[in-house]
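Colleague: I should like to learn how to read the features of a protein model. Could we proceed from the general idea to the particular case each time?

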Amino acid sequence: MEQAEHAEQAERPDEVQGDAAPAAQVQDDAVSVAQVQDNAVPDAQDDAVHDGATQGETGQFDEASATLNEMYDHLRHSTDTAELDAFAARPLPDPKDASAFSRATALLEAVAGNLHTSVATRVTLATTMRFPNILVKLSEDPEPQVRAAVAANEDDKNWLVGRLTKDPDVSVREAALHNKMTSWKMRMEGAEDPQIGAETLDFLSRMGTEEGFSGPTVLATMVRRAVALNPATSEETVQRLAQDPAPDVSHAAQQRLAA
C-alpha cells in the first residue's frame, strides 16, 4: 500500500511538497518584480525592453499606456519620419495644465534630437520654439540650416546666440549676428570676421545710426568702425561709412577708400 501511495505522488509533480513555494506565491512574486521593473528609470540599453512593454499584439507602440520615459525613448530612437513629423505638428496643451504641457515639451525635445525627423520639421521647431531644452538640442543639429534657424530665433537666451556666432558655418554666424539677443562683444567679433558676408556687414554698419536705436553709442561706434576696416565690406557700405557722424568711423572708412 505504501509503495502505491509513493508511486501516485511521483506521478503528480504539480503538487509541490516540503519547502517549495506554492504556485500562487510564485505568481505574486512575479507581479512584484514586474511592478519594480515598471517603476525603474530606463536607460539607453533598456530601450528594447521598454518598447516591448508598450507593444500591443499588432506590434504598434501604445502611446496611451506608455510612461514618459518610455515615450521619450520611443520618439528619440524612432525611424518613422511620418510619426515624428506628426508628433511635432501637434498643438501644445494649455500651459495651465502644467503636467501635460511639461510632458509635451519634454517629448518635443526627443523629436528635435532625432535625425529621422525631417529637416523641414526641425527647422520649423528651431524657428518657432521658445523652450531652451529644445533650442539647445537643435543648436547642435548637423544641418546648418537648422542651426541657423535657432540662431535667428529671438526667443533664444543670449548665451545660446553667442555660442552660435562662433559656429563653423558662416550662415549660422550671420543669422546669429542679426539676432537682437546678440551681445555687443559678439557683434564686434562679427564685424571683424572677414568671412562674414557683405549684407550682414552692412547690417552691422548701421548699428547706432538707425532711428529708434537703443544701446550704448560707444559700442555701436566701435562696431561700425570695425566694419569699415573689414576687407569683406562692400565699397558701397564703406563709402557710406566715410560720411559717418563719428570721426573714428569716417576716418577709418576714408583710409580704406584711399588705400
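Modeller: The discussion below moves from the overall fold to cores, helix packing and single residues.

Modeller: This is a predicted model, in which local features need pLDDT of at least 70 and side-chain atom pairs count only at pLDDT 80 or more, while totals for chains, interfaces and linings use all residues. Residues are numbered from 1 along each chain as its sequence is written, and side-chain values use heavy atoms, with hydrogens and water left out.

Colleague: How many helices and strands are there in the protein?

Modeller: Helices (H or I, at least four residues) and strands (E, at least two) are DSSP runs, numbered from the N terminus. The protein has 16 helices and 0 strands.

Colleague: What share of the residues counts as buried, and how much area does the protein expose?

Modeller: Buried means under 20% relative accessible area, exposed over 50%, and partly exposed in between (1.4 Å probe, protein chains only). Of the 259 residues, 36% count as buried. Accessible areas come from the Shrake-Rupley method with a 1.4 Å probe, and for residues only the protein chains shown count as cover. The protein exposes about 15300 Å², of which carbon and sulfur atoms supply 52%.

Colleague: Which residues touch the most other members of the largest nonpolar core?

Modeller: In soluble globular proteins, nonpolar side chains tend to be buried together. A nonpolar core is a set of buried Ala, Val, Leu, Ile, Met, Phe, Trp, Tyr and Cys residues joined through side-chain atoms within 4.5 Å. The largest one here has 31 residues, and Leu75, Leu125 and Leu138 touch the most other members. The elements giving two or more residues to this core include H4, helix H6 (98–112) and helix H11 (170–178). H6 gives the most, with 6 residues. A second, separate core of 20 residues includes Leu177, Leu241, Ala242 and Ala252.

Colleague: What does leucine 138 contact, leaving aside its neighbours within four places in sequence?

Modeller: Contact means heavy atoms within 4.5 Å. With those neighbours left aside, leucine 138 is in contact with Ala112, Arg122, Leu125, Ala126, Val146, Arg147 and Val150. For the protein as a whole, among contacts between residues at least 6 apart in sequence, 48% join residues at least 24 apart.

Colleague: At what angle do helices H14 and H16 pack?

Modeller: Two packed helices are described by the angle between their axes and the distance between the axes. Axes are lines fitted to C-alpha atoms, for helices over the stretch in contact, and angles run from 0 to 180 degrees between N-to-C directions. Helix H14 (residues 217–229) and helix H16 (residues 247–258) pack at about 0°, with their axes 8 Å apart. H14 is therefore roughly parallel to H16. Angles under 35 degrees count as roughly parallel, over 145 as roughly antiparallel, 65 to 115 as roughly perpendicular and the rest as oblique. On the H14 side, the contact is made by Thr221, Arg224, Arg225, Val227, Ala228 and Leu229; H16 contributes Asp248, Val249, Ala252, Ala253 and Arg256. By class, this contact has 6 nonpolar, 1 polar and 4 charged residues. Here Ala, Val, Leu, Ile, Met, Phe, Trp, Tyr, Cys and Pro count as nonpolar, Asp, Glu, Lys and Arg as charged, and the others, Gly among them, as polar.

Colleague: Which residues of helix H12 are buried, and what covers them?

Modeller: In H12 (residues 184–192), Trp184, Met186, Arg187, Met188, Gly190 and Ala191 are buried. Their cover includes H10, H11, helix H13 (198–204) and H14.

Colleague: Where does leucine 92 lie, and which residues does leucine 92 touch?

Modeller: Leucine 92 lies in the loop between H5 and H6. At 32% relative accessibility, this residue counts as partly exposed. Not counting residues up to four places away in sequence, leucine 92 touches Phe101, Ala104, Thr105, Leu108 and Phe131.

Colleague: Where is arginine 130 found, and what is its relative accessible area?

Modeller: Arginine 130 is found in the loop between H7 and H8. Its relative accessible area is 49%, so arginine 130 is partly exposed. Leaving aside neighbours within four places in sequence, arginine 130 is in contact with Phe101, Leu135 and Asp155. The C-alpha atoms of arginine 130 and lysine 157, 27 residues apart along the chain, are separated by 9.4 Å.
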